[in-house]
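Biologist: Please take a close look at the largest nonpolar core of this model. Which residues have the most contacts inside it, and which elements supply it?

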Amino acid sequence: MPSPAVPDPAPLDEALLDELLDVALDAARRAGALLLDGRPADLGVAGTKSSPVDVVTEMDLASEKLVLELITARRPEDGYLGEEGAERPGTSGVRWVVDPLDGTVNYLYGLPSWAVSVAAELDGRAVVGVVYAPARGELFHAVTGRGAYRDGQPLSTRPAPPWGQALIGTGFAYVREVRVRQAEVVLALMAEVRDIRRAGAAAVDLCDVAAGRLDGYYERGLAPWDRAAGCLIAAEAGAVVGGRPGRGPDGELTVAAAPGVYEPLQERLAALRAWADRADPTG
């Protein structure tokens, strides 16, 4: 007996998507301007998270406060999840997932690869994503089904090169033991591909896949705020986005790459058990 047909998802409310995009763009622009123009010359560390080198600055906290207050004023019934601890349930079906400063260490050191990442989820699915990298002068956005854009210009992933010519991005945890294991995976991949890049901001890396500046990207340990907006932007630009084989992106593994690069990248990451503390599944 044939399986019953799976009904198509209900069409999304386009007016709602427009509103969510407007809020996300406004929040990202304002927070980005605050971070760019308001960075004190004597910026210091306000606290730490997963390890003594995983830092929070006063500007992370100021940016999250700005974004949360803006979203609350415009959409008070929505939920919210932010990296710096702000979390609240909502009643509208919409939840905002925000990294108010992705790439904090880059920001602390004056490197340009940092961003504000703002995503809106509807019933658990990301439908709007904005990543604003003001030090690079770039604003990325995507709405589900509408494509991805940088400064208003449509984006598309780079055509897939042979595996040996692929440029792959990645990132590392701030916990020493995890980072050492991640380095083992990089060492294995380094001999197979064109090169590996490590920029230090997951949201920016995912947008660089969307823009064709990387052929692929992977990282272990990303939180929802690290990946929500960037994964949508990459997917809307034509990238394949997933995680461990058979799964979507999650805290164990996030993979985004052009079609033709994604498949060998995910296969190699699976063989290397890139999400695990040990390479040997019996160890």
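Modeller: In this predicted model, the largest nonpolar core has 35 residues, and those with the most contacts inside it are L20, W96 and V128. At least two residues of this core come from each of the helices α1 (14-37), α2 (58-74) and α3 (104-109), and likewise from each of the strands β5 (94-102), β6 (115-122), β7 (125-133) and β8 (138-143). The element that gives the most is α1, with eleven residues.

L20 shows how sequence-distant positions meet here. Leaving aside neighbours within four places in sequence, L20 is in contact with R75, V94, W96, A120, V127 and V128. Apart from this core lies another, of 23 residues, among them A119, F140, A210 and L232. As a general matter, nonpolar side chains tend to be buried together in soluble globular proteins.

The strands that supply the largest core belong to an open sheet of eight strands, with mixed pairing and the order β4-β3-β5-β6-β7-β8-β9-β10. Its edge strands, each pairing on one side only, are β4 (87-88) and β10 (153-154). Within the sheet, β6 and β7 pair in the antiparallel sense over seven bridges, and L122 has R125 in β7 as its bridge partner.

Two helices may be placed against these strands. Helix α2 lies across β3 (79-82), β4, β5 and β6, and runs at about 155 degrees to β5. Helix α5 (residues 202-210) lies across β5, β6, β7 and β8, running at about 100 degrees to β5.

Definitions and conventions: Residues are numbered from 1 along each chain as its sequence is written. This is a predicted model: local features need pLDDT of at least 70, side-chain atom pairs count only at pLDDT 80 or more; totals for chains, interfaces and linings use all residues. Side-chain values use heavy atoms; hydrogens and water are left out. A nonpolar core is a set of buried Ala, Val, Leu, Ile, Met, Phe, Trp, Tyr and Cys residues joined through side-chain atoms within 4.5 Å. Buried means under 20% relative accessible area, exposed over 50%, partly exposed in between (1.4 Å probe, protein chains only). Helices (H or I, at least four residues) and strands (E, at least two) are DSSP runs, numbered from the N terminus. Contact means heavy atoms within 4.5 Å. Two strands pair if DSSP finds at least two bridges between them. Axes are lines fitted to C-alpha atoms, for helices over the stretch in contact, and angles run from 0 to 180 degrees between N-to-C directions.
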